[in-house]
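The following exercises are to be worked with the sequence and the model at hand. Each task is followed by a solution in steps.

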Amino acid sequence: MKSLELENQGLHKVVEDLRAALFKLENRVQVLERSPAVPCVKAVTVQSVKVEEEDDDIDLFGSDEEEDEEAERMKEERIAAYAAKKSKKPALIAKSSILLDVKPWDDETDMSKLEECVRSVVADGLLWGQSKLVPVGYGIKKLQIGCVVEDDKVGTDLLEEELTKFEDYVQSVDVAAFNKI
């Protein structure tokens, strides 16, 4: 029974140590998230200084300061090379694929003219794709058309507003499918 209690106390100590470490990490992440974006070289240099400040123990292996300086210099060179390589990559542009259902007023609506009106909507970051006529009922067909949009430039609200401006042809516009690319 005593050994179980001792083991239990040991486990409680380990759990408390882990909680303290987790708390420190959470605080550090919060501080890093709040700080403004800085180039990778500076951020890593700041982190390496923090590590050096925490490492004030006695050097048991007698390593030379010259080796430490050399290793630090090489590390900074690698970080600078990585930052330069990373800066050359193009930024990722968030895009979405949208499938729209464009409904006409009745079965006498000229669907080719309706599609022409829809495709006449032009915006930066908007690319129209394939379309097809889908039967709804009573001889009425809706236009189902796909498009790819850049999320920062074009939204579904903008598309719906622009398409419903063609009041003679378009009764309503619905988003049938929305997928991030």
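Contact means heavy atoms within 4.5 Å. Helices (H or I, at least four residues) and strands (E, at least two) are DSSP runs, numbered from the N terminus. The model is predicted: local features need pLDDT of at least 70, side-chain atom pairs count only at pLDDT 80 or more, and totals for chains, interfaces and linings use all residues. Residues are numbered from 1 along each chain as its sequence is written, and side-chain values use heavy atoms, with hydrogens and water left out.

**Exercise 1. Inventory of the chain**

Task: State how many helices and strands the chain has, and give their pattern along the sequence.

Solution. Step 1: the count is 5 helices and 4 strands. Step 2: reading along the sequence gives α-α-α-β-α-β-β-α-β. Step 3: for the contacts between residues at least 6 apart in sequence, 70% join residues at least 24 apart.

**Exercise 2. Assembly of the sheet**

Task: Determine in which order the strands lie in the sheet, and which strands form the edges.

Solution. Step 1: two strands pair if DSSP finds at least two bridges between them. Step 2: on that basis the 4 strands form an open sheet with the order 2-3-1-4 and antiparallel pairing. Step 3: strand 2 (126-137) and strand 4 (170-180) are the edge strands, as each pairs on one side only. Step 4: from one strand to the next, the twist averages 20 degrees; axes are lines fitted to C-alpha atoms, for helices over the stretch in contact, and angles run from 0 to 180 degrees between N-to-C directions.

Step 5: take the individual pairs. Strand 1 (residues 95-104) and strand 3 (residues 140-150) run antiparallel and are joined by 8 bridges; within this pair, S97 has V148 as its bridge partner. Strand 2 and strand 3 are likewise antiparallel, over 9 bridges, and here V134 stands opposite K142 in strand 3.

**Exercise 3. The hairpin turn**

Task: Identify which residue in the turn between strand 2 and strand 3 has a positive phi.

Solution. Step 1: strand 2 and strand 3 form a hairpin with 2 residues between them. Step 2: Y138 lies in the loop that links these strands, and its phi is near 55 degrees, a positive value in a residue other than glycine. Step 3: for comparison, most residues other than glycine have a negative phi. Step 4: Y138 has a relative accessible area of 83%, so it is exposed. The classes are buried (under 20% relative accessible area), exposed (over 50%) and partly exposed in between, with a 1.4 Å probe and protein chains only.

**Exercise 4. The helices on the sheet**

Task: Establish which strands helix 4 touches, and which of its residues are buried.

Solution. Step 1: helix 4 (residues 111-119) packs on the sheet and touches strand 1, strand 2, strand 3 and strand 4, its direction making about 15 degrees with that of strand 3. Step 2: the buried residues of helix 4 are M111, L114, C117 and V118. Step 3: viewed down the helix axis, these buried residues fall within an arc of 115 degrees, so they line one face of helix 4; the arc is that of the directions from the helix axis to the C-beta atoms. Step 4: S112 and E116, on the other side of helix 4, are exposed. Step 5: the cover over the buried residues includes strand 1, strand 2, strand 3, helix 5 and strand 4. Step 6: helix 5 (residues 156-164) itself lies across strand 1, strand 2, strand 3 and strand 4, at about 155 degrees to strand 4.

**Exercise 5. Two cysteines and a glutamate**

Task: Decide whether C117, C147 and E150 are buried or exposed, and list the contacts of C117 and E150.

Solution. Step 1: C117, in helix 4, counts as buried because its relative accessibility is 7%. C147 is buried too, at 2%. Step 2: the structure holds 0 disulfides, a disulfide being a pair of cysteine sulfur atoms within 2.5 Å. Step 3: leaving aside neighbours within four places in sequence, C117 is in contact with F166 and Y169. Step 4: E150, placed in strand 3, has a relative accessible area of 18% and is therefore buried. Step 5: with neighbours within four places in sequence again left aside, E150 is in contact with I93, A94, K95 and G125.
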